[in-house]
Amino acid sequence: FERTYSEVSRKQWQTIRRPKGPFVIFHCTDPHVDDNSTPLRVLQADIAASHEMGAIMCHGGDLLNNWPMAGKLAKQWAKQECTKPAALLRAEHYIHLMQPDVWTDGNHEEMNDYLTDYLHRLLPKKTLTDYWSVRFVVEPKGGRPFRVVLSHKFQKGGSWFHKTHGHIREMLEGEEADVLLDGHLHSDGVLDHSLPERQHSALCVASAGYKIVDQYASRISKGGVIPKVRGRCHWIVCDPQAEYHEDRAVAFKSASRAEAYLSGLQNLKAA
């Protein structure tokens, strides 16, 4: 009992320590690196740009399509050019490139029991993990801590069209986090939402992932067949020294915009 309780308590809010000043969180989810619809070079460039900013690297699930033995998805994935051995090599290469700080699995990993264990053995020892959602606190030196929840998918609210309805539900029912991140539905959305009665606000971010021309992804993100490059991932710039009336976190769909905003914040604090 003591061992189980200690493990559960430890994972409730895990800690990442950072130097003084603003920092970046890279939210990458649903890369599906074994799918024909995933632009691998775009994914690699996004990872490289994030490392250049010294970002906290967050993986939100569904690294692979997976290979079930039967069913509708097995028929769909049989048309993919990437074989299972090659898919596992791509997964290993992705983890080597990304060096994730925070990791949660998605439904595609969990369809085969062996896959989650295999992927977790590849993760760096520093990586924070938990089942479906990871709660962690970023503690910058000399600044206010940031509470972040990374989930593959929060519970849906009453509206399918509201991209961050699940985030708001998490705000109302869960503990007070500053940033809420999820994916799964292959559609993106950003909302800065306040709960005045609690004097609390949070940034809600949904990222669409990298399967950007898939028919299923197009359907569940409500129409359109053009490549969904915009909003595939997000860079969240966090300011631990911001006042209550200021934006403590701002999400960007472009690495260059995020880097420019980060540099502006750093110069402002230096002045």
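Two strands are said to pair when DSSP finds at least two bridges between them, and this tour of a predicted model follows such pairings from strand to strand.

**First stop: strands E6 and E7**

Select residues 133-140, which form strand E6, and then residues 146-151, which form strand E7; the two run antiparallel and are joined by 6 bridges. If you pick out Arg 135 in E6, you will find that its bridge partner in E7 is Val 149. Between the two strands, which form a hairpin, there are 5 residues, and Gly 142 in the turn has a positive phi of about 75 degrees. Because 6 of the 8 residues of E6 are buried, this strand is largely enclosed by the rest of the structure.

Now add residues 14-18, strand E1, which runs parallel to E6 and is joined to it by 5 bridges. Here Thr 15 has Val 137 of E6 as its bridge partner. While you are in this region, show the side chains of Trp 13 and Arg 147, where the charged end of the arginine sits over the ring of Trp 13, 4.0 Å from the ring centre.

**Second stop: from E7 to strand E2**

Next, select Phe 146 and Phe 23, whose ring centres are 5.5 Å apart and whose planes meet at 85 degrees, so the pair is edge-to-face. Since Phe 23 belongs to strand E2 and Phe 146 to strand E7, the pair ties together parts that are 123 residues apart in sequence. Both Phe 23 and Phe 146 are buried. Keep Phe 146 on display and add Arg 248, which lies over the face of that phenylalanine at 4.0 Å from the ring centre.

**Third stop: strand E2 and its neighbours**

Colour residues 23-28, strand E2, in which 6 of the 6 residues are buried. In a regular strand the side chains alternate between the two faces of the sheet. Look at E2 from each side in turn: Phe 23, Ile 25 and His 27 are on one face, Val 24, Phe 26 and Cys 28 are on the other, and all of them are buried.

Which strands pair with E2, and in what sense? Strand E11, residues 234-238, runs antiparallel to E2 and is joined to it by 5 bridges, with Ile 25 standing opposite Ile 236. Strand E3, residues 56-59, pairs with E2 in the parallel sense over 4 bridges, and there Met 57 is the bridge partner of Phe 26. If you also select helix H2, residues 40-52, you can trace the right-handed β-α-β unit that E2, H2 and E3 make.

**Last stop: Phe 26 and the core**

Centre the view on Phe 26, which touches residues including Asp 46, Ile 47, Met 98, Tyr 210 and Trp 235. Phe 26 and Trp 235 form a stacked aromatic pair, 5.4 Å centre to centre with 25 degrees between the planes. This pair links distant parts of the chain, as Phe 26 is in strand E2 and Trp 235 is in strand E11, 209 residues apart.

Finally, show Leu 63, Leu 64 and Tyr 94 together with Phe 26 and Trp 235, for these are the residues that touch the most other members of the largest nonpolar core, which has 33 residues. Among the elements that each supply at least two residues of this core are E2, H2, E11 and helix H9 (255-270), while helix H4 gives the largest share, 6 residues. Another core, of 21 residues, lies apart from this one, and Cys 58, Leu 128, Val 179 and Val 205 are among its members.

Terms used. Residues numbered from 1 in each chain as written. Predicted model: local features only at pLDDT ≥ 70, side-chain atom pairs only at ≥ 80, totals over all residues. Heavy atoms only, no water. Buried < 20%, exposed > 50% of the residue type's maximum accessible area, 1.4 Å probe, protein only. Right-handed = clockwise from strand over helix to strand, strands pointing away. Core = buried A, V, L, I, M, F, W, Y, C linked by side-chain atoms within 4.5 Å. Contact = heavy atoms within 4.5 Å. Phe/Tyr/Trp six-rings, centres within 6.5 Å; stacked < 30°, edge-to-face > 60°. Lys NZ or Arg CZ within 6 Å of the ring centre and 35° of its normal. Lists of a residue's contacts leave out its neighbours within four places in sequence.
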